[in-house]
Amino acid sequence: MDLALEASAAAQGFSSPNPPVGAVILDADGGVAGIGHTQPPGGPHAEVMALRAAGAAARGGTAVVTLEPCAHTGRTGPCTQALLEAGVARVFYGVADPNPQAGGGASILTAGGVPAVGGVLEADVRWGPLRPWLFRQQHGRPLVTVKIASSIDGRIAAPDGTSRWITGPDARAHAHAQRARIDAVVVGTGTALADDPSLTARRSDGTLYPHQPTRVVVGQRDLPPDAKLRDGTAPLIQVRSYDPVDVFAAVPDASWILVEGGPGVVGAFLVAGLVDEIQWYLAPTVLGDGVPAVVDGNVTTLAKAHRFRRESFMALGDDLLVTLVPSRA
C-alpha cells in the first residue's frame, strides 16, 4: 500500500475531477509486477495502468489499490471488470469509494470470485493524496488551504511594500511543490497588482512543474494586459466578487484550492467559515510594522477570534512551517 500511496501522489492535480488513485499489482509469488496511477480525465484509471505494466504476471496475483475499484462506466470502463478479466486472485484497498455512482466495486469483485478486502492502511490513505477528493465527496465543495508566508510577528510585507523574500529558499521550494499538487490558487486583485505574481509552480532551478494550477483572481479591478498572470502558462479566471462561494463556482471541478492572499481575501474565507487548513511559513524575522497576514473586521474582541489547533510543524531551513486546522475539526 505504501507503493500505491507513492504512485497516487503523481496523479494529484492531473486527475481532477477524478480521484488521484495509486495501484500496485503483485504477481502470484508476491513480487511487484506493475504500478500505476490515475491518468488525466478520459484516460485510464490506476488499476488499468498497473495491469498494463504487469501484463500476464497479473494472473493469479494481487491488486493493492488506495481506493475501492470503481464499478461504473463513465469515460472509461469499470476497473472491476478489468481486474476480473486480468485474472487477479485477490484485491486489497484502502478506502471504500463514497461516490454512489462508482462505489460497490468490492461486492462485484467478491461475487466474481475475487475476494476484496478494504481498510488497509486506511488512515494513511485518507490523509494522503486522496484527502481533498474525499473531502469534496463528503462536503460538496473543495478543501480550502490558506497559505501564509510571514515574519514571526505576522507581517507579509514591510511598510514600503517589499516582500521578496521574507522566507528562505527551502520554504519557497516547499510552497511551489504544494502548488504543483493543487487544482486552483486564489489571490486578490490587490496582491496581483502590487506583486505581479505568476502563481506558477516552479522548481528551484526555475523550470515549471508538469502540472500548473488554475489561477483565480478575486476583485473588481482589471489586470493590466502585460500582467504575468496573463502569460498563458495556466488558465486564468477572474471572479469579480470576494464571496468564496463564487470562487467555488468558478472552478467547479476543483477538489483542492490554495488561498494565497492578500489579507482581505484570507479574511473573507475565514469569515465564511471556509478555511479547512492553514499552512503558515514563519520566518525568523521581525518587521514591527507593515502588511498584516490577515484582515478581518469582524473580530473585534478575543471571544470572536478564529481558533485553530496545530496539526503538524516542520523545519524548512531557518523557517518553520506550521500546519493548523480549525479547532472544530
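Guide: In this account a residue is buried if its relative accessible area is under 20%, exposed if over 50%, and partly exposed in between, with a 1.4 Å probe and protein chains only. The structure is a predicted model, in which local features need pLDDT of at least 70, side-chain atom pairs count only at pLDDT 80 or more, and totals for chains, interfaces and linings use all residues. Residues are numbered from 1 along each chain as its sequence is written, and side-chain values use heavy atoms, without hydrogens or water.

Visitor: Why is C70 called buried?

Guide: The relative accessibility of C70 is 6%, and the term requires a value under 20%, so C70 counts as buried. C79 meets the same limit, because its relative accessibility is 1%.

Visitor: How many disulfides does a search of the whole structure find?

Guide: The search finds 0 disulfides. The term requires a pair of cysteine sulfur atoms within 2.5 Å. For C70 the nearest cysteine sulfur is that of C79, 3.6 Å away, so the pair does not meet the limit and C70 is in no disulfide. C79 likewise is in no disulfide, its nearest cysteine sulfur being that of C70.

Visitor: What makes the pair F248 and F269 edge-to-face?

Guide: Two rings of Phe, Tyr or Trp (its six-membered ring) pair if their centres lie within 6.5 Å; planes under 30 degrees apart count as stacked, over 60 as edge-to-face and the rest as tilted. The centres of the F248 and F269 rings are 6.4 Å apart and their planes stand at 65 degrees, so the rings pair and the pair is edge-to-face. By this rule the count comes to 1 aromatic pair.

Visitor: Which parts of the chain does this pair link?

Guide: F248 belongs to helix α9 (residues 244–250) and F269 to helix α10, 21 residues apart. Helices are DSSP runs of H or I with at least four residues, strands are runs of E with at least two, and both are numbered from the N terminus. F248 has 12% relative accessibility and F269 has 1%, so both count as buried.

Visitor: What makes α10 mostly covered?

Guide: In α10, 7 of the 9 residues are buried. Among them are P263, V265, V266 and L270. α10 is followed by G273, whose phi is positive, near 70 degrees.

Visitor: How do you know that the charged end of R203 sits over the ring of Y209?

Guide: The rule asks that NZ of Lys or CZ of Arg be within 6 Å of the ring centre and within 35 degrees of the ring normal. The charged end of R203 is 5.0 Å from the centre of the Y209 ring, and the contact is counted as a charge over a ring.

Visitor: What is called a cavity here, and what a pocket?

Guide: On a 1 Å grid over the protein atoms alone, a cavity is a set of points where a 1.4 Å probe fits but cannot get out; a pocket is an open set with protein on both sides within 12 Å along at least five of seven lines; lining residues have an atom within 4 Å of a point. The structure holds 1 cavity of 30 Å³ or more. The volume of the largest cavity is about 80 Å³, and the closest of its 14 lining residues to the centre are Q12, S16, P20, D183 and S255.

Visitor: Which residues lie nearest the centre of the largest pocket?

Guide: They are K147, W165, R179, D195 and E260, from a lining of 43 residues. The space in this pocket is about 1,100 Å³. α7 gives the largest share of the lining, 7 residues.

Visitor: Where does the chain have cis peptide bonds?

Guide: One runs from S16 to P17, with omega near 10 degrees, and P17 is in the loop between α1 (2–9) and β1 (22–26). Another joins G261 and G262, with omega about 0 degrees. G262 is in the loop between β11 and α10. Most peptide bonds are trans, and most residues other than glycine have a negative phi.

Visitor: Is D196 buried, partly exposed or exposed, and which is L199?

Guide: D196 has 27% relative accessibility and so counts as partly exposed, whereas L199 has a relative accessible area of 4% and is therefore buried. Phi is positive at D196, near 45 degrees, and at L199, near 55 degrees. D196 lies in the loop between α8 and β9 (214–218), as does L199.

Technical notes:
Grid points are joined across faces, edges and corners, and a volume is the space filled by probe spheres set on the points.
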